[in-house]
Amino acid sequence: MSGPDEPGRPGAPDGPRTWDERPHAHPAAGTPADDARPDSPRRTAGDPVKALMHRHRELCGRAVDPLEIAAGLEAHGVTDRTAARFRHRDVFSLAEEMYARAPRADIPLRRPAPAESARPRAGLLLLPLLPGALCAATVAGTHLTHGQPRLTVGAGGALAVVLALRAVCRRSPLSAPGRPAPARHTAGLWTCALLGYALLGDGLLGAAVAGGPDTLPTGAADGPWPLAVAPVLALVMACAPAAWSAHLFTAGARRRLAASCGLADFTASVRPLLLGTLALFTGALATLLALSATVLGASAAHPQGLTLGALLMLARLLVAHGLTHAPSLVLAATAAAEVTAPATVFAARLPGCDFLAVPVQTLVTAWGPGSVPTLACGIAALTLLIHATRRLTRASAHAPGQPC
């Protein structure tokens, strides 16, 4: 027998009639398959949307906008097809009803103004310039000094650059606010390791294949263990375009979130935005690599620099949107692969272990020492790009209320 609140009967409450108006059996008479689906409209004969609101009561209670409810529903696996069972065309329409029916009747339904949500603070856009400035000053200081002072300037400058990078990763569009400290810093540690290999690794690998190195690096480009200063300088200076590109991506995604008519529509509109953001950053990095190489009179190392830069950019984008596991795992695997290359060359010097160095020696002989980081970072960047096109194009990755 139908309840008094069934749509179409006298005494039914006024309001949006978006729930299923078909007759349902009592929940106790449902099949096991129906009982196993907690968000199904068969769960409650009178008002299935109310049952969904009860299941997500914390989300509805703290939401300040329907878009936040939509992002939360999508994160819990609710799709446009699921929303259709509640007589809504998509998750956004369902979220608007849930927001309107939540116990905040005196607060009008609203959407965030794109101009306000996308307006960054000037300090957050100027801070990313600091690591590049410190790195340039350190490079200039090492070129003007010799001996012990050069070592002191280099060590002090490297520490200052690391601290500046840490500040940028904590207070900029590349930051990950609200994440646990270990999850927030793990990717940063692997980033420093990859930059360290970019500075020292190619020279060490080339010297190892040639039978060395016999001395420690002197900082000279033509020394027995040359340092790749130009690409590292460009990568550190690229921190600024990376932060600005990340802000543009976040702001653009939120504008599309406010204007989308469904999850599929939002995904289709954000995917080219993500690829365009990566292309914009890559173009800026290529320019910085050429500029650094011209000023320092060294090799630009475009293959190594571009693949590493793309990898770090994708990793920071994922971390900035709360997705820390995959970036940390991929960065760790890339660093391990790079370190393994010279390690196998040194291990091959042990009796009976010559075979260990054959793959690396073949690769270095054919393409040079830079082929190792190019291959490792290229594969890693492609992996993260595929992951990012799946995760950063979801509404839950751009929930309102997070800073740009």
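Q: Why is Cys 353 called buried?
A: Buried means under 20% relative accessible area, exposed over 50% and partly exposed in between, with a 1.4 Å probe and protein chains only. Cys 353 has a relative accessible area of 19%, so Cys 353 is buried. Bear in mind that this is a predicted model, where local features need pLDDT of at least 70, side-chain atom pairs count only at pLDDT 80 or more, and totals for chains, interfaces and linings use all residues. Residues are numbered from 1 along each chain as its sequence is written, and side-chain values use heavy atoms, leaving out hydrogens and water.

Q: What makes Cys 377 count as buried?
A: Its relative accessibility is 1%, so Cys 377 counts as buried.

Q: Why does Arg 171 count as exposed or buried?
A: Arg 171 counts as exposed because its relative accessibility is 53%. You will find Arg 171 in the loop between H10 and H11; helices are DSSP runs (H or I, at least four residues), numbered from the N terminus.

Q: How do you know whether the span of helix H16 agrees with its 23 residues?
A: The expected span is 1.5 Å times one less than the number of residues. For the 23 residues of H16 (residues 325-347) that gives 33 Å, and the end C-alpha atoms are 32 Å apart, so the span agrees.

Q: Where in H16 does a kink lie?
A: A kink of about 25° lies at Ala 341, shortly before the proline Pro 342. The bend is the angle between axes fitted to the seven residues ending at a residue and the seven starting there.

Terms used
Helix = DSSP H or I, 4+ residues; strand = E, 2+ residues; numbered from the N terminus.
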